[in-house]
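Please look through the sequence and the structure shown here before reading the notes below.

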Amino acid sequence: MITLLKNGRIYDPAHNKNGVVEDIYIRDGRIVAKPAVTEKIDHTFDLSGKVVMAGAIDMHSHIGGGKVNIARMMLPEYQQKQAQELKSLSEPEAHICTPHCSHHATPSTTDTGFRYIEMGYTAAFEPAISPVNARQAHLEMGDTPMIDKGGYAMLGNDDYFLRLLAGKKDQKAINDYVAWILHATQAIGIKVVNPGGINAFKFNQRRLDLDENNVHYQISPREILQSLSRAVHDLGIAKPLHVHCNNLGAAGNFATTLDTMSASSGLPMHLTHIQFHSYGTEGDKKFSSAAAQIAEALNKNKHITADVGQILFGQTVTASGDSMMQHLNAKHANPKKSVIMDIECDAGCGVLPFKYRDQNYVNALQWAIGLELFLSVEDPWRIFLTTDHPNGAPFTSYPHLIRLLMDKTFRNDAFSKLNLDAQTMSNLTSLDREYSLYEIAIMTRAGAGKLIGLNDRGHLGTGAAADITVYTDQPDREAMFSKPDYVFKNGELVVKNGNVVKVVWGVTHTAKPTFDIGVEKDLKDYFNRYQTMQMDNFKISNDEISDDGRGRVVVHHKTNE
Amino acid sequence: MKNPNHNATPLNATCPACGLLCDDITLSTAAELTLQNGCAIACSKGIRFFEQSAKTSASAAPTVAGKQTDLTSAISAAAIILRNSKQPLFAGLGTEVQGMRTVMRLAEKTNATLDHMHSEATVSNTRTMQNSGWLTTTLSEVKNRADVILAIGTDITSSHPRFFEKLVQNHDSLFNKPSPEMIYLGATPETAAGSAIACDTAKLPEIINTLNALLNGKELHTEAVASIPVKTLTDLLEKLKNAKYAVIVWSAGALKIPHAELLVQSHAELVVQSIVQLISKLNENSRAAGLPLNSGDGDTTVNNTSTWLSGYPTRNRFNNGMPEYDTYHNTTQKQLASCDALLWISTFTPHAAPDCKAPTIAIGHPDTPFTQVPDVFIPVGIPGFDHAGQMFRMDSSITLPLKKLRDSSLPSLSEVITMIEAKLSAEVTA
């Protein structure tokens with residue numbers, strides 16, 4: 001069966017296509033070359049004048065696993081219908097609600113899948129799977145319909161890894177362990193959160209700087225970053241080490257962030273939700289924007305990529321693996337409650353509800369800092385559009401964020417309504433840049449697919465999976481990106497006029513580099529002596545993901561560049 | 001005890017009998033069923049579960065109105081009851097992840113109210129977490145870090161028998177810590193390792209809030225609180241403050257006191273709230289964490305699964321397909337009086353269905369006893385014995401696979417619920 005998407009304006013940055021009018025042919029879920037004239041076209045969609053992009057990929061969104069479920073459980077008030085309209089129209093950004101725009105910070109798994117696909121997103125990646133909790137994360141993602149899933153496994157605060165490092169084990173031992181974790185947790189990347197700090201918090205350390213030692217292991221975050229970025233590189237997986245820097249949210253943390261860029265000695269690293277790590281200490285309130293310094297460093301350091309973690313005003317919840325910094329920030333929780341956990345000599349978590357207010361100096365400046373970063377980082381292939389869902393804002397705010405990036409007048413109007421002190425501390429209005437559709441397609445499609453190593457997603461080339469989103473070109477970019485005309489998932493029409501017309505189940509993307517299985521000998525001993533579960537039960541089999549008849553594991557290998 | 005399958009090879013099992021969810025179990029079913037675990041001491045609860053499971057027939061037949069019938073007829077009878085119901089109650093809910101996934105789908109279709117058999121205890125914890133949050137820990141952290149463990153209102157072992165063998169008296173820990181000091185408040189351990197401060201359960205809020213007052217620097221103008229000398233309490237507080245990693249264990253299910261129905265917060269909730277405050281304050285200067293014990297029968301599993309699928313833990317309901325949550329109204333006790341159908345589920349253990357005037361469907365353990373003949377009874381496999389599954393440990397962070405240990409012709413709960421759902425959908429389209 002062949003489907004023809006006719007005469008669309010194609011935005012496919014992976015193939016340098018910037019609005020060219022072309023036809024796309026789909027057969028068996030894939031994009032194919034133009035078939036012979038003798039072949040029958042079964043369905044034709046006339047896309048004259050429409051904007052056609054690959055399905056969007058959210059490379060950092062907390063969609064499943066322990067802390068997300070804790071957030072749901074602790075915040076039943078968010079689920080209630082009236083509470084879903086928390087963001088009122090009187091707020092300065094003049095957010096236009098679509099019928100499905102629930103501003104819901106803690107959607108159920110079903111709602112997560114539906115809200116994503118309705119915006120034209122066809123994949124989302126859970127960036128913080130603690131390895132011991134990976135089974136739950138995959139169960140939740142398995143119950144998330146419509147989109148493809150995947151995740152990054154957190155290392156660098158687990159006692160097994162820190163013992164290896166403190167015991168001066170060679171890089172091969174580290175690499176084998178990292179690869180084993182990727183296999184065992186069915187992940188596609190490795191993340192480190194507050195390197196060494198979550199572990200240090202369990203020893204009652206309250207802050208950890210890049211070159212400060214964890215009191216027990218006498219190891220610094222820098223050493224952890226060096227070791228893990230090297231392992232990820234040596235193993236040949238595409239996704240660079242995903243780094244949540246030390247000192248999240250602290251005034252003056254931009255210095256740590258700048259220093260962190262050098263920690264991998266030139267090997268690729270991705271600095272996540274960098275907005276939360278771009279704070280200076282200038283001004284009366286000792287809190288200022290360091291976006292210019294961070295952007296300058298990002299422009300210079302080509303081995304570093306980053307996603308922004310934009311905040312948007314309203315009620316949300318922050319769910320992080322960073323128990324150390326979340327505990328420190330618990331006093332700012334709104335409503336005032338927090339769940340903090342130490343987890344299994346493996347990880348931690350901290351969940352705090354948060355209400356970002358435009359008249360609050362710090363919040364207003366955070367908003368501006370995120371946008372300053374977006375507009376000052378030159379290469380859209382190295383900066384990604386995220387709100388660190390739900391930490392900066394629910395992912396349903398993406399269309400609004402896209403409008404802020406593409407529409408200077410809209411952005412400056414919003415800025416003019418912010419806390420006045422914050423306005424004086426930001427250069428946002430001097431940044432005239434407006435993102436183009438092509439650049440948006442890079443940030444949300446081509447760049448994300450390339451970064452994660454999804455060779456057949458994020459682009460519209462022959463052989464790619466036919467995950468395709470079709471929009472009506474509208475001056476109001478928020479309206480445009482809120483409600484695609486069509487979304488195709490693996491060639492099937494699943495969304496029409498912003499509404500789901502067919503329920504499908506995506507796959508789970510993974511990376512499984514080869515490694516020496518001998519690593520299990522020491523691991524088995526470790527599990528027997530120190531853990532409270534068996535090593536064999538720690539590992540998640542492919543069958544566990546496919547047994548329900550809906551999911552499937554897809555393994556990605558790095559292509560030679 | 002004779003075992004029906006005569007499987008000579010020892011089998012690795014995960015034990016769902018309590019929230020510790022031990023997976024270091026080897027089951028030998030050669031002639032007699034024997035159980036080995038990672039400890040020298042046998043676990044009474046685990047043995048009881050596996051012995052009872054092995055004795056249970058692997059081929060029990062369903063009944064309709066007390067008469068044996070085939071599965072298809074029983075499914076039809078169940079579907080008819082649910083079709084005629086406007087507000088069914090799904091109670092018991094003793095199941096694992098796969099079972100609960102299908103229960104949630106059926107609940108959405110039938111506008112059911114959902115309540116777990118042990119939710120009275122769970123709700124005290126959940127509501128505290130929803131009111132103030134909390135700081136908690138998990139089993140491996142306790143094993144490797146805890147140097148002081150305070151058990152409040154529970155001896156721990158009666159509900160979680162291997163707690164001490166696995167987590168307290170362990171010889172291996174990562175940081176060469178000494179064996180933790182055990183202190184009991186309001187519970188008397190049978191095997192008296194550690195010290196005990198005796199008190200009435202009803203006095204726990206008073207006592208723990210005295211600790212909170214002392215920790216906040218308040219002076220007390222009294223010698224004793226609830227008959228406990230203030231000196232005893234200040235000594236206890238010093239131990240908690242000086243600990244490298246203090247763990248406070250409680251079991252909300254053990255904190256019930258009689259005649260407390262008139263309280264806005266349950267007594268258990270008052271205790272849990274005061275414990276959580278104590279932990280929070282301790283963490284301003286030192287490290288401490290809580291460890292709430294669960295009650296079992298998949299309570300942690302069911303609440304987690306319900307939460308990711310509907311946004312709410314149990315005591316939720318569906319209204320025109322939309323989930324709602326109300327811990328006060330959606331209790332089994334209240335809903336039994338007003339529901340127009342009851343679906344009772346208990347697959348791990350043969351818990352009796354409560355008496356109910358409305359038509360009753362029971363799906364569960366083949367040996368489920370009844371005081372009142374249910375309209376439909378469908379015996380299903382025991383998770384972790386007759387079929388595989390996934391289960392959450394008491395600390396929620398760990399989910400483990402349950403193993404299939406014998407051949408069984410019993411369907412699983414998820415298979416039965418899926419068939420009922422299909423039958424309902426077929427009737428709607430017909």
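The notes below cover a sheet in one chain and the contact between two chains.

This is a predicted model, in which local features need pLDDT of at least 70 and side-chain atom pairs count only at pLDDT 80 or more, while totals for chains, interfaces and linings use all residues. Residues are numbered from 1 along each chain as its sequence is written, and chains are lettered from A and ligands numbered from 1 in the order in which they are written.

**The sheet in chain B**

- In chain B, 9 strands (DSSP runs of E, at least two residues, numbered from the N terminus) form an open sheet with mixed pairing, in the order E5-E4-E20-E19-E18-E6-E7-E16-E17; two strands pair if DSSP finds at least two bridges between them.
- Strand E5 (67–68) and strand E17 (322–325) of chain B each have a single partner strand, so one side of each is left without a neighbour in the sheet.
- Strand E6 (residues 89–94) and strand E18 (residues 342–346) of chain B pair in the parallel sense over 4 bridges, and B:Gly94 stands opposite B:Ser346 in E18(B).

**Where chains A and B meet**

- Across the two chains, 38 residues of chain A are in contact with 45 residues of chain B, where contact means that the C-beta atoms, placed from the backbone, lie within 7 Å.
- The largest share of the side of chain A that touches chain B, 6 residues, comes from E16(A).
- E16(A) and strand E8 (residues 133–136) of chain B pair in the parallel sense over 4 bridges, and B:Gly133 in E8(B) is the bridge partner of A:Ser338.
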